[in-house]
Amino acid sequence: MSQYIETAIEIAHEAGALLERYFLHRVRYELKGESDLVTEADKASEKLVVERLKAAFPDHSIVGEEGGGQETGSPYRWYVDPLDGTTNFAHGYPVFNVTLGLEKDGEMIAGVVYDPDRQELFAAEKGAGSFMNGRRIHVSPVDKLRDSLMCTGFPNKDRHTSINIYFYHQLAMTSHGVRRSGSAAVDLANVACGRLEGFWEFGLNPWDLAAGKLLVAEAGGMVTDMKGGPHSMPSESIAATNGVIHPETLALFEEIFSGKLRNPLPVLRPID
Ligand code: IPD
Ligand code: CA
Ligand code: CA
C-alpha cells in the first residue's frame, strides 16, 4: 500500500467515527438550496479531513464539498466528500459515508469509501485492485440486464429539470429492479463488490464519485458517461457497471436519449 492510501484509510476511519457520533444524536440541518441539506457533521468532518490531508501532504491540492481545501498547483488533487448521503443522515436513515479520492495529472490513483454504520472500508489503488476491509473484491459476473440489480440517484438541486425518471422507469422494467440509496459513493462501492450490477446518475460532482469510480474500475468493472464516452471529471453523467452488461445498458440509454420508450409509462387515471 502506498502512503497515500494508508493515510486516506486512517483519515476515513477517524472522520467516519466522528460522523457516527453525530448520527447517534441526530443533528439539525440547514438548507443550501431547495432540497440540498447540510449539517454540522458535514462541516466538522470536512474540517477534520482537510486538516489531516494538509498535515500529511502540504503541497497537494484539496477540493472539499463544503468549500474547504486549497489550490496549490500540484499534480496531486484530493476530492473530499466529508459526508455523502446527508439527506439520509439528517433523517436518521443509516446509509452514508465519508469518501476521499486522489487524482494525479487528471487520473484517479487512490480512493477510499468508508461506511461507518456497517463498518465497511472500501479502498482502491490504480493497478493494485479494490478491497473491502482488506479483502480483494470483484464485480459480479451477471451477464444480462434482465438478471441485474441496478441503482441510481437523483439530484438535490434543480430537481424539476432531471430527466432521470424516464431512465429509472425503463431500467426498472428491464432488470430485477433499481435501488436509490441516497449515497452515490456507497452505490459505486456496491457495484465494485458485486452487490449491484450497475449504477448511473446525472450531474454528480467529482467528490461524489472520485473514489467510487476507481473502486469499480479496479474491481474489473467499466466506467463511462451515459453515452459511452470516457468519464472525465466533471462530467454530465456516469455509468458504472460490472463491464459485462455495459453494452446492453448503454444501448438502452441510447434508446431513451433518443426519446424511444420501450415500456410506456402507465396512464394515470383518477381513482375514486
Ligand atoms: C448526494 C448523494 C446522492 C446523490 C446526490 C448527491 P450528498 O450527495 O450522493 O446519492 O443522488 O446527487 O448530491 O449531498 O449527500 O453529499
Ligand atoms: Ca455526495
Ligand atoms: Ca456531501
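His169 is part of helix H4, which covers residues 164-174. The model here is a predicted one. With a relative accessible area of 15%, His169 falls under the 20% cut-off, so this histidine counts as buried. Leaving aside residues up to four places away in sequence, its contacts are Asn263, Pro264, Leu265 and Pro266.

His169 has company in H4: the buried residues of the helix are Asn164, Phe167, His169, Gln170, Leu171 and Thr174. What do these buried residues of H4 pack against? Three strands are on the list, namely S11 (149-152), S12 (177-179) and S13 (198-202), along with helix H7 (246-257).

**The strands around S3**

Strand S3 (residues 61-64) pairs with two other strands. With S5 (residues 76-84), S3 runs parallel, and four bridges join them. One of the pairings puts Gly64 with Val80 of S5. With S4 (residues 69-70), S3 runs antiparallel, and here two bridges hold the pair together. Val63 is the residue opposite Gly69 of S4. Between S3 and S4 the hairpin has four residues, and Gly67 takes a positive phi near 95 degrees there. As a general point, side chains in a regular strand alternate between the two faces of the sheet.

**Two calcium ions and a shared aspartate**

S5 comes up again at the metals, since Asp81 sits in that strand. Here are the two sites next to each other.

| Ion | Protein donors | Donor distances | Sequence spacing |
|---|---|---|---|
| calcium ion (ligand 2) | Asp81 (OD), Asp84 (OD), Asp208 (OD) | 2.1 to 2.3 Å | D-x2-D-x123-D |
| calcium ion (ligand 3) | Glu65 (OE), Asp81 (OD), Leu83 (O) | 2.1 to 2.3 Å | E-x15-D-x1-L |

How far apart are the calcium ion (ligand 2) and the calcium ion (ligand 3), and which residue coordinates both? They are 3.8 Å apart, and the residue that coordinates both is Asp81. The pair Asp81 and Asp208 ties distant parts of the chain together: Asp81 is in strand S5, Asp208 is in helix H6 (residues 206-218), and 127 residues separate them.

Are the donors Asp81, Asp208 and Leu83 buried or exposed? Asp81 has a relative accessibility of 0%, so it counts as buried. Asp208 has 9%, and therefore counts as buried too. Leu83, which offers a backbone oxygen to the calcium ion (ligand 3), has 1% and is also buried. Those percentages take only the protein chains as cover.

**Around ligand 1**

Ligand 1 has 16 residues around it, and Asp84, Gly85, Gly182, Ser183 and Glu201 come nearest. Asp84 is also one of the donors to the calcium ion (ligand 2), so to speak a name to look for at both places.

Several polar contacts reach oxygen atoms of ligand 1. Gly85 brings a backbone N or O atom to 2.7 Å from one. Ser183 has a polar backbone atom 2.9 Å from an oxygen of the ligand. From Asn156 comes a polar side-chain atom, at 3.3 Å from a ligand oxygen. How much of the accessible area of ligand 1 does the protein cover? Taken on its own, ligand 1 has 380 Å² of accessible area, and the protein covers 92% of that.

Terms used: Residues numbered from 1 in each chain as written. Chains lettered and ligands numbered in written order. Predicted model: local features only at pLDDT ≥ 70, side-chain atom pairs only at ≥ 80, totals over all residues. Heavy atoms only, no water. Pairing = 2+ DSSP bridges. Buried < 20%, exposed > 50% of the residue type's maximum accessible area, 1.4 Å probe, protein only. Contact = heavy atoms within 4.5 Å. Donors = N, O, S within 2.8 Å, 3.2 Å for Na, K, Ca; no water. Near = heavy atom within 4 Å. Polar contact = N/O pair within 3.5 Å; in protein donor to acceptor, adjacent residues only side chain to side chain. Areas by Shrake-Rupley, 256 points an atom, 1.4 Å probe, with all protein chains shown as cover.
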